[in-house]
Amino acid sequence: MIKKLIIKLLISTFSLSAFADNGYNLWLNYKLLEDVSVLADYKAQLQSLYIPYQSATTKIAASELKNALKAILNEHITETKEIRENSLVLLKTGDFTKYGLASKSFDKTDAFAIEKKIIQNKPVILISSPSEIGLLYGSFKLLQILGTNGDISRINIQESPKIERRILNHWDNLDRTVERGYAGFSLWDWQRLPKYIDQRYIDYARANASIGINGTVLTNVNSNALILTKEWLQKVKALADTFRPYGIRVYLTARFSAPIEIGKLKTADPLDEEVKTWWKDKANEIYNIIPDFGGFLVKANSEGQPGPQNYGRNHADGANTLAKALAPHGGIVMWRAFVYDNEVPEDRAKQAYNEFKPLDGHFEDNVIIQVKNGAIDFQPREPFHPLFGALSKTNTMAEFQITQEYLGMATNLAYLAPLFKECLDADTYAKGKNSTVARVIDGSLFNNKISAIAGVSNIGNDINWCGHPLAQSNWFAFGKLAWDYSLTSEQIAREWTKLTLHTNNSATNEVVDILMQSREAVVNYMTPLGLHHLMGWDHHYGPGPWIANKPRADWTSVYYHKADKNGIGFNRTRTGSDAVDQYQPQLANEFNSTKTCPEKYLLWFHHLSWDYRLKNGETLWNGLVKKYYQGVEEVQQMQIAWDKLNVNIDPETHLAVKQLFSIQHDDAVMWRDACVLYFQQFSGKPIPAGLGKPKHDLKYYESLEFKYVPGI
């Protein structure tokens with residue numbers, strides 16, 4: 001009896017391990033199709049593979065296709081030396097005439113098409129592109145169509161990236177810690193580089209190529225000049241060589257004081273001739289080692305980082321010196337606009353605009369100003385940054401945060417595509433209606449020479465890459481929107497869910513509903529109605545609306561909410577800081593008036609009485625409190641919906657997310673109770689009838705400490 005029990009346990013353990021999904025494969029989680037009719041259709045149309053190229057990139061495409069199709073179709077697909085009927089064919093457009101095909105044009109070299117064709121009198125599915133990287137992108141696209149049970153019987157699609165440079169920013173330090181990283185240590189094992197290439201580097205490149213990401217900044221914006229030394233550049237070269245066949249360029253952060261720290265100069269003044277020469281020599285050295293090096297990302301004169309203002313110069317002086325050094329090699333400088341000076345008694349939301357607007361047109365053509373989606377700092381919700389549309393003569397790119405520094409880190413679910421879309425779809429009115437942020441950064445609005453978008457990575461060495469299993473959706477969403485910002489948040493959520501979790505239609509709908517609800521829930525239980533920057537001091541985890549008396553006023557919460565007995569909110573109207581007038585007149589007037597200001601930004605732009613009436617007739621106090629309670633209720637709804645999916649989701653994934661939802665619920669309650677009690681001492685008003693009372697008093701929440709929070 002005991003022997004039988006042991007055997008049964010061993011069998012069940014094997015079964016669980018055989019089918020459990022630890023998240024490592026991300027959305028490249030190829031599995032056999034369960035729909036018999038669709039499976040038969042795919043098998044009939046995908047019987048062999050023809051790729052007449054032998055480069056590293058096309059070999060990767062062939063390997064990916066064969067391995068994926070083996071899993072999806074449960075059949076080995078033979079790679080042939082000639083085109084056969086019902087084969088999958090990959091051809092560069094430059095070779096079309098060899099196969100009797102009419103010429104085909106694309107607007108970008110990494111664009112691709114997938115279509116049914118007759119080649120040499122044989123019906124085939126053709127993936128075509130001007131480049132081999134485009135063929136790889138097309139291969140991944142086809143696999144995504146198959147993985148979501150798409151119809152390929154009449155397939156005819158053509159895709160071209162809307163933005164040229166689609167880049168991940170890693171805030172990874174050379175000691176493998178990750179600033180604002182919540183998924184373990186850095187992927188980059190510098191000690192074992194350059195001779196040891198971890199399989200994760202290859203899988204990282206595969207994942208990025210599958211969603212069109214073509215650049216990676218390896219190091220933290222709070223940079224270390226050591227990365228620019230010859231020894232470390234050899235390590236960078238090993239990564240660049242690994243990523244190159246996947247179409248990924250490597251970029252590095254450049255510490256502005258590097259000429260002093262590693263060059264042994266006495267100054268880093270960007271107008272000093274020795275400094276200019278040093279940067280030119282350094283650029284030459286880098287490109288000699290890494291011929292396709294992408295360029296520099298620079299954080300200067302922000303939060304204590306060195307920069308041109310240390311020498312009485314401006315941001316254009318600093319950026320242009322580096323840009324001139326890179327220009328002969330085709331490199332770019334991404335100069336961050338996240339700058340603010342605590343010596344200037346100005347609303348922090350205005351400072352970046354004030355710094356950069358007067359410099360418009362003074363930057364070199366290979367400089368692009370990297371602007372955060374909002375003017376403060378990756379908050380759960382912000383109006384779009386007023387610099388978008390303001391720099392008509394300067395390349396401008398967007399910077400989003402994929403990692404969740406201010407949104408519960410890797411313990412809270414916040415699907416961020418809606419946040420990204422809120423910014424990208426926002427109309428700046430810079431050249432009239434439909435002057436969206438997306439059109440600013442894709443270069444089309446002002447005919448810019450460079451287009452780019454960046455996302456601060458949420459990737460670490462955790463087995464599932466992103467800490468929270470569902471946070472992988474944010475990496476996926478960033479890549480998808482960088483390629484095509486016209487996609488909807490729901491479309492992306494649906495595709496990710498099907499590819500990653502392999503749910504049926506009903507379960508997919510449930511997961512998509514959870515994802516789509518999640519970010520708004522976080523806003524409601526953290527910073528509703530336009531409140532912002534209420535998070536815990538330094539680590540930004542948990543509530544801290546009481547934070548005051550820190551080295552900088554704008555590093556405190558009271559600076560932003562300005563709660564007092566008369567009301568709450570930051571007055572950025574024309575009677576206050578006048579931040580509204582950094583926007584075009586249509587928006588400035590809209591934000592300036594309480595009658596037209598969207599309520600989601602109400603307290604961002606207005607300081608209002610506790611008795612102010614919201615559009616639904618509620619007082620501001622009652623409406624604010626109800627938003628906090630609504631956020632907790634929404635987390636409960638997500639918990640219940642997820643629990644019901646236990647038979648549809650892989651057991652390991654389901655349990656992990658279930659446990660994380662439990663943490664998130666506790667966090668939401670903590671946020672709700674702490675903020676309501678804190679603001680109540682100013683409003684002097686009761687919690688609305690029908691809502692439960694906090695379990696603890698305000699002193700309890702103020703006394704909470706969170707030790708060793710990751711990501712600092």
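**Pockets, a long-running helix and the core**

In this predicted model, the largest pocket takes up a volume of about 660 Å³. Its lining is made up of 28 residues, and E34, K498, H502, T503 and N504 sit nearest the centre. Helices α4 (132-147), α14 (489-501) and α20 are the elements that put two or more residues into this lining. The largest share comes from α14, which chips in four residues. Sorted by class, the lining of the largest pocket holds eleven nonpolar, eleven polar and six charged residues.

Next up is the second largest pocket, with about 540 Å³ of space. Here 25 residues form the lining, with K141, Q144, E159, K480 and E495 closest to the centre. At least two lining residues each come from α4, β6 (156-159), α5 (199-210), α13 (472-483) and α14. Once again α14 supplies the largest share, this time five residues. The lining of the second largest pocket splits into ten nonpolar, seven polar and eight charged residues.

Helix α20 also deserves a look. It covers residues 651-683, 33 in total, and spans 47 Å from first C-alpha to last, close to the 48 Å expected. At its N-terminal end, D650 acts as a cap, with a side-chain oxygen 3.0 Å from the backbone nitrogen of E652. Just after the helix comes G684, with a positive phi near 70°.

Then there is the largest nonpolar core, which counts 238 residues, W475 and F679 having the most contacts inside it. The top contributor to this core is α20, with twelve residues. Another core lies apart from it and has five residues, including Y182, M409, A410 and V709.

Technical notes
Residues are numbered from 1 along each chain as its sequence is written. This is a predicted model: local features need pLDDT of at least 70, side-chain atom pairs count only at pLDDT 80 or more; totals for chains, interfaces and linings use all residues. Side-chain values use heavy atoms; hydrogens and water are left out. The expected span of a helix is 1.5 Å times one less than its number of residues. A polar contact is a pair of N or O atoms within 3.5 Å; within protein, one must be able to donate a hydrogen and the other to accept it, and residues adjacent in sequence count only if both atoms are side-chain atoms. A nonpolar core is a set of buried Ala, Val, Leu, Ile, Met, Phe, Trp, Tyr and Cys residues joined through side-chain atoms within 4.5 Å. Buried means under 20% relative accessible area, exposed over 50%, partly exposed in between (1.4 Å probe, protein chains only). On a 1 Å grid over the protein atoms alone, a cavity is a set of points where a 1.4 Å probe fits but cannot get out, and a pocket is an open set with protein on both sides within 12 Å along at least five of seven lines; lining residues have an atom within 4 Å of a point. Grid points are joined across faces, edges and corners, and a volume is the space filled by probe spheres set on the points. Ala, Val, Leu, Ile, Met, Phe, Trp, Tyr, Cys and Pro count as nonpolar, Asp, Glu, Lys and Arg as charged, and the others, Gly among them, as polar.
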